[in-house]
Amino acid sequence: MGGESTTRTAPDAGGRTGQVLSGVAVALGLVLFLGGFGWAAVVYRPYTVPTSSMAPTIGVGDRVLAERVDGGDVRRGDVVVFKDATWADAPVLKRVVAVGGDTVACCTDGRLTVNGKQIDEPYLPPGEAAEAADFPEVTVPEGRLFLLGDERHGSLDSTAHLTDAASGTVARDAVTGRVDAVVWPMDGTLERADGFAALGPLSDPGPFRMIVFLAVGGAVLVLGGAAYGPVAKRLGARGGAGGARVG
């Protein structure tokens, strides 16, 4: 007898499970992705750097994220954002090289000294001395900071304000943020200023890397979960076309 029969398969339980898992992946991915950006919005403030005074660490036009910190949390070596009317009407970005009670001077063998210790500053432009010109020893008043730009030859920093009443220092409470990362171009987190480690504890890095991990991981889950349906449908169609009939 010549006949034709077709095979019928029960609904694919594995397919239903895959759909559930893909939905979970998308939902979890959205939570991680949006949570990462929400966390960043709470912790950080973005700034665009208008000058080259912090080159090569931070170039002109770079976009940075500054962690919102209290001035009391600032440590030597931190790159901070502050606002002081005697310096400028806009936020200023410089590196803290000395804190209240420190003595700072330049230069000894071409290097900055803090509390009599020569500071290794690998972030300075290659081949450049620590300062364009020597400056006499300054004792930083309690509650204040002494700040320099990494591009010492062109930076209007504490050395340009030595004749001010505060000897070029800035109040701790003038600080509004500590720069944690350069996000455009994507240079990542700033290197720790280990040259100051012998003088006291350094600041811990902010949560930038964890935030990036959450955002990227969330995006991967969303894209992977969303792609499951079309991929599974295409694979199912190919399987059905290849083995639906038996003669």
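# A tour from Arg192 to the cores

Select Arg192 and Asp194: these two residues form a salt bridge, with the closest N and O atoms 3.7 Å apart. The model on screen is predicted. Arg192 counts as partly exposed because its relative accessibility is 45%, between the 20% and 50% cut-offs. Side chains of opposite charge can pair when their charged atoms come close. By the rule used here, the count of salt bridges comes to 6.

**The whole chain**

Zoom out and colour by secondary structure. The chain has 2 helices and 14 strands. Of its 247 residues, 40% are buried. The accessible surface comes to about 13700 Å², and 59% of that belongs to carbon and sulfur atoms. Now consider contacts between residues at least 6 apart in sequence: 67% of them join residues at least 24 apart.

**Salt bridges across the chain**

Select Asp102 and Arg76. Their salt bridge has its closest N and O atoms 2.8 Å apart. Asp102 sits in the loop between β5 and β6, and Arg76 in the loop between β3 and β4 (79-82), so the pair links distant parts of the chain, 26 residues apart. Are Asp102 and Arg76 buried or exposed? Both Asp102 and Arg76 are buried.

Next, select Asp78 and Arg178. Their side chains meet in a salt bridge of 3.6 Å, N to O. This pair also links distant parts of the chain: Asp78 is in the loop between β3 and β4, while Arg178 is in strand β12, 100 residues apart. Asp78 is buried because its relative accessibility is 8%, under the 20% cut-off. At 11% relative accessibility, Arg178 also counts as buried. Add Glu67 to the selection: salt bridges that share partners join Glu67, Asp78 and Arg178 into one network.

Stay on Glu67, which is placed in strand β3 (residues 63-67). Glu67 is buried, with a relative accessible area of 15%. Leaving aside neighbours within four places in sequence, the contacts of Glu67 are Val43, Tyr44, Thr176, Gly177, Arg178, Gly206 and Pro207.

**Strand β12 and its hairpin**

Select residues 175-184, which make up strand β12, and find Val182 there. Val182 is buried, with a relative accessible area of 1%. Which residues does Val182 contact, leaving aside its neighbours within four places in sequence? They are Thr57, Ile58, Asp62, Arg63, Val64, Asp187, Gly188 and Leu190. Add Ala66 as well: Val182 and Ala66 are 116 residues apart in sequence, but 9.2 Å apart in space from C-alpha to C-alpha.

Follow the chain onward. A hairpin of 1 residue joins β12 to β13. These strands, with β13 at residues 186-189, pair in the antiparallel sense over 3 bridges. To see one bridge, show Ala181 and its partner in β13, Thr189. Strands of a sheet pair through backbone hydrogen bonds, either parallel or antiparallel.

**An open sheet of four strands**

Now select β8, β7, β6 and β9. In that order, these 4 strands form an open sheet with antiparallel pairing. Why is one side of β8 (117-118) and of β9 left without a neighbour in the sheet? Both stand at the edges and have a single partner strand each, so one side of each has no neighbour there. Look at β6 and β7, which run antiparallel and are joined by 3 bridges. Ala105 stands opposite Thr113 in β7.

**The nonpolar cores**

Show Val97, Val104, Leu112, Val114, Phe146 and Phe196 as spheres. Of the 18 residues in the largest nonpolar core, these touch the most other members. At least two residues of this core come from each of β5 (92-99), β6 (103-108), β7 (111-114), β9 (135-139) and β10 (144-148). A second, separate core has 12 residues, including Val74, Val80, Trp87 and Val170. In soluble globular proteins, nonpolar side chains tend to be buried together.

Centre on Leu112. Beyond its neighbours within four places in sequence, its contacts include Val97, Val104, Phe135 and Leu148.

**A patch on the surface**

Finish on helix α1 (residues 13-43), where Leu30 lies. Leu30, Phe33, Leu34 and Phe37 form a nonpolar patch on the surface, with about 390 Å² of accessible area together. Is Leu30 itself buried or partly exposed? With a relative accessibility of 40%, Leu30 counts as partly exposed.

Notes: Residues numbered from 1 in each chain as written. Predicted model: local features only at pLDDT ≥ 70, side-chain atom pairs only at ≥ 80, totals over all residues. Heavy atoms only, no water. Buried < 20%, exposed > 50% of the residue type's maximum accessible area, 1.4 Å probe, protein only. Contact = heavy atoms within 4.5 Å. Core = buried A, V, L, I, M, F, W, Y, C linked by side-chain atoms within 4.5 Å. Patch = residues over 30% accessible without salt bridge, like charges linked within 9 Å, V, L, I, M, F, W, Y side chains within 5 Å. Areas by Shrake-Rupley, 256 points an atom, 1.4 Å probe, with all protein chains shown as cover. Salt bridge = Lys/Arg side-chain N within 4 Å of Asp/Glu carboxyl O. Pairing = 2+ DSSP bridges.
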